[in-house]
Amino acid sequence: MHEEELACIGCGVKVQIEDPQALGYTPKSALDKEMIICQRCFKLKHYNEVQDVSLTDDDFLKILNQVGQTDSLIVKIVDIFDFNGSWLPGLHRFVGSNDVLLIGNKVDLLPKSVKHNRLIHWMKESARELGLNPVDVLLVSAEKGEQIQEAASAIEQYRNGKDVYVVGCTNVGKSTFINRLIKQVSGEEDVITTSHFPGTTLDIIEIPLDDEKALIDTPGIINHHQMAHYVDKRDLKFITPKKEIKPKIYQLNEEQTLFFGGLARLDYVSGGRRSFTCYLSNELNIHRTKLEKADELYKNHAGELLTPPRREGMADFPELVAHEFSIKDGKIDIVFSGLGWVTVNEPGARVVAHVPKGVNVILRKSLI
């Protein structure tokens, strides 16, 4: 076999032995192995060390365009904890006439009190509002292996003997999900490189199915309004939940502020004393202060008391931009893209949410 035909089994990129700094580099000695893995994947897998990647948004869009021109089933994976942040905008323009199966991953992160049927109904509604009509909606936890058998059966049912393309944003757990599927079907462990760093899969990876067709993993599309793109790689662990979220409830008086590390803040302007429930990573520090002191606190303590971001990252960190909301209905979530959300239980609150320039903040009907 010529080396130019070889691709890394972990990320799908073409393997090369010339340039150790370039994508796909593999030491010559590794070419004899049955499963070839590039050096970047090797480091990611064994040392959790991440190297920056040179693919652009256009590369990703080209790949999505190719998917739309095929006759296949498209499986779209979203992170249920960051539904809006991990949505692929415009996917309905790419899919052509292909069916889309929508799978919400990381269901294990939501509090146990969340009813799955209600969540599925909410996902169907939200998908329709965002322009997509999925053939079905499923919930899984790729990390824990929950509902993988059901997902495998659904994929088999809806693909009707066609190829399957799996698409999603970076960090939704797409590769973990595919590894689970492969294990379910063939018993092979961890074929594809996974990590909590955005952008692990670099090129298309084909996994053969029984009937000459394939399951195809596409690279994670980068959504620039996700918080993950603004924090140091070492700080991702503070904002990316690994365990079930423990909601934190704050009784706030008017003119009080909550800081979520130094990444975002919520000012409660008016509406009488009331409670706010925060659904964020358990590792993220929440700091309460008076609204009048908030600006100064941020100026003096962002990167120290209010962290992440860390001190040395403050120079590159975007300024916080204010978004004002009047909550007119009861039970509304204020969603900080890529960070979590805060639930306001009764109508009548005026709040200001501050997020880094470029990150989205939206209101939605309460999920819980």
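Which residue just after H4 takes a positive phi? The residue is Gly131, with a phi of about 95°. That small detail is a handy way into this predicted model, and we will come back to helix H4 after a look at the whole chain.

Let's start with the overall picture. The protein chain has 368 residues, and 52% of them count as buried. Its secondary structure comes to eight helices and 16 strands. Many contacts link distant parts of the sequence: among those between residues at least 6 apart, 70% join residues at least 24 apart. The accessible surface of the chain is about 17,500 Å², and carbon and sulfur atoms account for 48% of that area.

How far can you trust what you see? The mean pLDDT of the chain is 85, with 89% of residues at 70 or more. Strand S8 (residues 256–260) has the highest confidence, at a mean of 98, while helix H1 (residues 39–47) has the lowest, at 66. Please take some care with residues 193–202, where pLDDT stays under 50 even though the model has 49 contacts there beyond four places in sequence. Where pLDDT is low, the predicted coordinates should not be read in detail.

Now back to helix H4, which covers residues 116–129. With 14 residues at 1.5 Å a residue, H4 should span 20 Å, and its end C-alpha atoms are indeed 20 Å apart, so expectation and model agree. Within H4, the buried residues are Leu119, Ile120, Trp122, Met123, Ser126 and Ala127. They cover an arc of only 160° around the axis, which means that they sit on the same side of H4. The pattern fits a general rule: an α-helix has 3.6 residues a turn, so residues three or four places apart point the same way. On the face turned away from this buried side, H4 carries the exposed residues Asn117 and Glu129. What do the buried residues of H4 pack against? Their partners are strands S1 (72–79), S2 (100–105), S3 (136–139) and S16 (361–365).

For a view of a buried strand residue, turn to Leu266 in strand S9 (residues 264–270). Leu266 counts as buried because its relative accessibility is 1%, and the cut-off for buried is under 20%. Beyond its neighbours within four places in sequence, Leu266 is in contact with a set of residues that includes Gln256, Phe260, Phe276, Ile334, Phe336 and Val351. Of these, Gln256 is ten residues away in sequence, with a C-alpha to C-alpha distance of 8.6 Å.

Charged side chains make links of their own, and the count of salt bridges comes to 18. One of them pairs Lys144 with Asp108, with the closest N and O atoms 3.5 Å apart. Lys144 lies in the loop between S3 and helix H5 (148–159), and Asp108 in the loop between S2 and H4, so this pair ties together parts that are 36 residues apart in sequence. Asp108 is buried, at a relative accessible area of 12%. Another salt bridge joins the side chains of Glu346 and Arg274, at 3.9 Å from N to O. Glu346 lies in the loop between strands S14 (340–344) and S15 (349–356), and Arg274 in strand S10 (residues 274–280), so here the parts tied together are 72 residues apart in sequence. Is each partner buried or partly exposed? Glu346 is partly exposed, at 38% relative accessible area, whereas Arg274 is buried, at 7%. Glu304 and Arg311 also meet in a salt bridge, at 3.3 Å from N to O. In addition, salt bridges that share partners join Asp232, Arg234, Asp235, Arg310 and Glu312 into one network.

Finally, a few backbone details deserve a look. Most residues other than glycine have a negative phi, and most peptide bonds are trans. The peptide bond from Thr307 to Pro308 is cis, with omega near -5°, and another cis bond joins Pro308 and Pro309, with omega about 0°. Pro308 is in the loop between helix H8 (291–301) and strand S12 (320–327). Gln147, in the loop between S3 and H5, is not a glycine but has a positive phi of about 65°. Asn160 is not a glycine either, and its phi is positive, at about 50°. Asn160 is found in the loop between H5 and strand S4 (163–168) and counts as exposed, at 61% relative accessibility.

How values were computed:
Residues numbered from 1 in each chain as written. Predicted model: local features only at pLDDT ≥ 70, side-chain atom pairs only at ≥ 80, totals over all residues. Heavy atoms only, no water. Helix = DSSP H or I, 4+ residues; strand = E, 2+ residues; numbered from the N terminus. Buried < 20%, exposed > 50% of the residue type's maximum accessible area, 1.4 Å probe, protein only. Contact = heavy atoms within 4.5 Å. Areas by Shrake-Rupley, 256 points an atom, 1.4 Å probe, with all protein chains shown as cover. pLDDT = per-residue confidence, 0-100. Expected span 1.5 Å × (residues − 1). Arc of directions from axis to C-beta. Salt bridge = Lys/Arg side-chain N within 4 Å of Asp/Glu carboxyl O.
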